[in-house]
Amino acid sequence: MEFRVSSTKKQELIDITGQINNIIRDSGIKTGICNVYVTHATAGIIINENYDPNICIDFINAINRVIPEHNSYLHDRIDNNAGAHIKSALIGPSETIPIRNEKLKLGTWQSVMLADFDGPKERIVIITLIKD
Amino acid sequence: MEFRVSSTKKQELIDITGQINNIIRDSGIKTGICNVYVTHATAGIIINENYDPNICIDFINAINRVIPEHNSYLHDRIDNNAGAHIKSALIGPSETIPIRNEKLKLGTWQSVMLADFDGPKERIVIITLIKD
Amino acid sequence: MEFRVSSTKKQELIDITGQINNIIRDSGIKTGICNVYVTHATAGIIINENYDPNICIDFINAINRVIPEHNSYLHDRIDNNAGAHIKSALIGPSETIPIRNEKLKLGTWQSVMLADFDGPKERIVIITLIKD
């Protein structure tokens with residue numbers, strides 16, 4: 001129960017709600033929780049609105065004001081992506097979401113998104129479903 | 001297993017520990033985990049101290065210095081609440097907490113709080129309990 | 001299923017991946033999820049790289065630029081550690097991680113770390129394992 005997501009930009013939020021709901025439907029699990037986990041130290045999982053895609057742009061601009069891409073980071077001497085590591089540590093690699101009626105129990109304006117802070121890259125998402 | 005919480009201000013932290021512990025006690029589950037999930041894209045779940053209520057004021061002031069309420073966000077042209085969406089994406093809509101002795105295994109200074117960044121509103125909290 | 005971790009500095013990231021994997025191995029659980037929870041309001045759990053230890057230094061410097069140690073916080077009049085509470089609320093006290101093959105399913109560059117923002121202190125970490 002894992003899938004791959006390819007980002008096409010340096011920093012990007014990619015909706016993965018559909019892939020997760022497909023896995024839940026195929027599992028036959030009706031209620032419980034779904035753990036969504038990205039196995040990378042320069043990416044993360046975010047839940048928010050993307051019906052207005054400008055929210056994703058606003059988020060990326062805001063996080064870059066908070067954690068600038070470069071800021072005399074020590075790790076930049078080795079790999080030049082310290083900013084992406086710090087954003088990933090702050091956002092976190094996972095979210096755990098309730099399952100009801102064989103799908104994610106999201107609010108009307110919530111989508112699950114992979115946040116890539118060091119793309120473009122292929123990223124692995126691990127899904128674990130637990131019945132309650 | 002859900003309940004509603006009404007905020008009375010634009011930005012507010014509201015303690016929901018008691019409601020969650022009531023649900024756990026009624027379930028009869030002695031050990032496991034409890035997933036607390038808010039189904040809104042301008043709110044979040046925070047765990048911290050509120051015995052000194054000034055910590056909540058300090059937190060709200062600090063998060064507003066990090067993510068100002070308005071900052072030429074694109075989404076503000078449509079709905080004027082982009083700052084609340086960005087804070088919600090950063091904080092996250094859920095926490096997963098151990099259950100021991102039929103209640104949340106919190107530290108002495110930890111309470112579970114709903115963070116509303118776009119109140120006053122009625123918010124829905126979904127609780128899922130999993131036995132270990 | 002809990003263990004203690006002692007920090008030696010005011011702010012420090014301490015790798016706890018080995019202790020968690022030992023608990024999983026002893027449990028005999030092959031697949032599922034692992035909830036890692038710290039019961040303190042001035043600490044948190046972070047997942048990121050520490051193979052280059054400079055990433056931990058970069059992270060601590062960055063979070064202190066975002067949330068300065070002192071900034072006229074109201075709680076500082078009582079306990080002088082409001083900055084640590086705000087960082088803890090932002091980072092969160094827990095992470096939930098998939099288990100595969102009787103160990104944490106981390107990426108190559110991911111380690112689980114306890115973040116102490118108000119050390120040196122002894123901190124308690126609670127581990128809950130759930131089979132899928």
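**A friendly note on a predicted three-chain model**

1. Let's start with one pair of residues: C:N48 has C:S111 as its bridge partner in β7(C). Please keep in mind from the outset that this is a predicted model. The pair belongs to a longer match, in which β4 (residues 43–48) of chain C and β7(C) are joined by six bridges and run antiparallel.

2. Strand β7(C) has another partner too. Strand β2 (residues 12–15) of chain C is linked to β7(C) by four bridges, again in the antiparallel sense. If you would like a residue pair to look for here, C:I14 has C:L114 as its bridge partner in β7(C).

3. Is β7(C) mostly covered or mostly open? The strand is mostly covered, with six of its six residues buried. In a regular strand, side chains point alternately to the two faces of the sheet. For β7(C), both faces are covered. On one side sit C:S111, C:M113 and C:A115, and on the other C:V112, C:L114 and C:D116, all of them buried.

4. Two residues of this strand deserve a second look. The largest nonpolar core has 120 residues, and those with the most contacts inside it include C:L114 and C:A115. The others named for the most contacts are A:L114, A:A115, B:L114 and B:A115. Which residues does C:A115 touch, leaving aside its neighbours within four places in sequence? They are C:L13, C:A43, C:G44, C:I45, C:I46 and C:I91.

5. Just past this strand comes a loop worth visiting. C:D118 is found between β7 (111–116) and β8 (122–131) of chain C. Is C:D118 buried or exposed? C:D118 is buried, because 21 other C-beta atoms lie within 10 Å, and the cut-off for a buried residue is 20 or more. Apart from its neighbours within four places in sequence, C:D118 is in contact with C:T42, C:N81 and C:A84. C:D118 and C:A43 are 75 residues apart in sequence, yet their C-alpha atoms are 7.2 Å apart in space.

6. Another loop of chain C, the one between α1 (17–27) and β3 (32–38), holds C:G28. This residue counts as exposed because it has 9 C-beta neighbours inside 10 Å, where 12 or fewer is the limit for that class. C:G28 is 73 residues away from C:N101 in sequence, while the two C-alpha atoms are 9.8 Å apart.

7. Now for a sheet in chain B. Which order do its five strands take? They form an open sheet in the order β1-β8-β3-β5-β6, with antiparallel pairing. At the edges are β1 (2–6) and β6 (103–104) of chain B, each of which pairs on one side only. Inside the sheet, β3(B) and β5(B) pair in the antiparallel sense over six bridges. To find your place in the structure, look for B:V36, which stands opposite B:E95 in β5(B).

8. How do chains B and C meet? In this interface, 25 residues of chain B are in contact with 24 residues of chain C. On the chain B side, the elements giving two or more residues are β3 (32–38), β4 (43–48), α2 (54–66) and β5 (94–100). Helix α2(B) supplies the largest share, seven residues. By class, that side of chain B has 13 nonpolar, six polar and six charged residues.

9. A word on symmetry. Two copies of a chain are related by a rotation about an axis together with a shift along it. Chain B can be laid on chain A by a turn of 120° and a shift of 0.0 Å along the axis, with an RMSD of 0.0 Å. This is the relation of a three-fold axis. In chain B, the C-alpha nearest the axis belongs to B:V66, at 3.7 Å. Laying chain B on chain C likewise takes a turn of 120° and a shift of 0.0 Å along the axis, with an RMSD of 0.0 Å. Only 12% of the interface residues of chain B are also interface residues in chain C, so the copies meet through different surfaces.

10. Finally, confidence. Chain A averages a pLDDT of 98, and 100% of the residues score at least 70. For the complex, the predictor gives an ipTM of 0.97 and a pTM of 0.98.

Notes:
Residues are numbered from 1 along each chain as its sequence is written. Chains are lettered from A and ligands numbered from 1 in the order in which they are written. This is a predicted model: local features need pLDDT of at least 70, side-chain atom pairs count only at pLDDT 80 or more; totals for chains, interfaces and linings use all residues. A nonpolar core is a set of buried Ala, Val, Leu, Ile, Met, Phe, Trp, Tyr and Cys residues joined through C-beta atoms within 7 Å. Two residues are in contact if their C-beta atoms, placed from the backbone, lie within 7 Å. Ala, Val, Leu, Ile, Met, Phe, Trp, Tyr, Cys and Pro count as nonpolar, Asp, Glu, Lys and Arg as charged, and the others, Gly among them, as polar. Copies are superposed by least squares on the C-alpha atoms of residues with pLDDT of at least 70 in both. Two strands pair if DSSP finds at least two bridges between them. pLDDT is the predictor's confidence in each residue, from 0 to 100.
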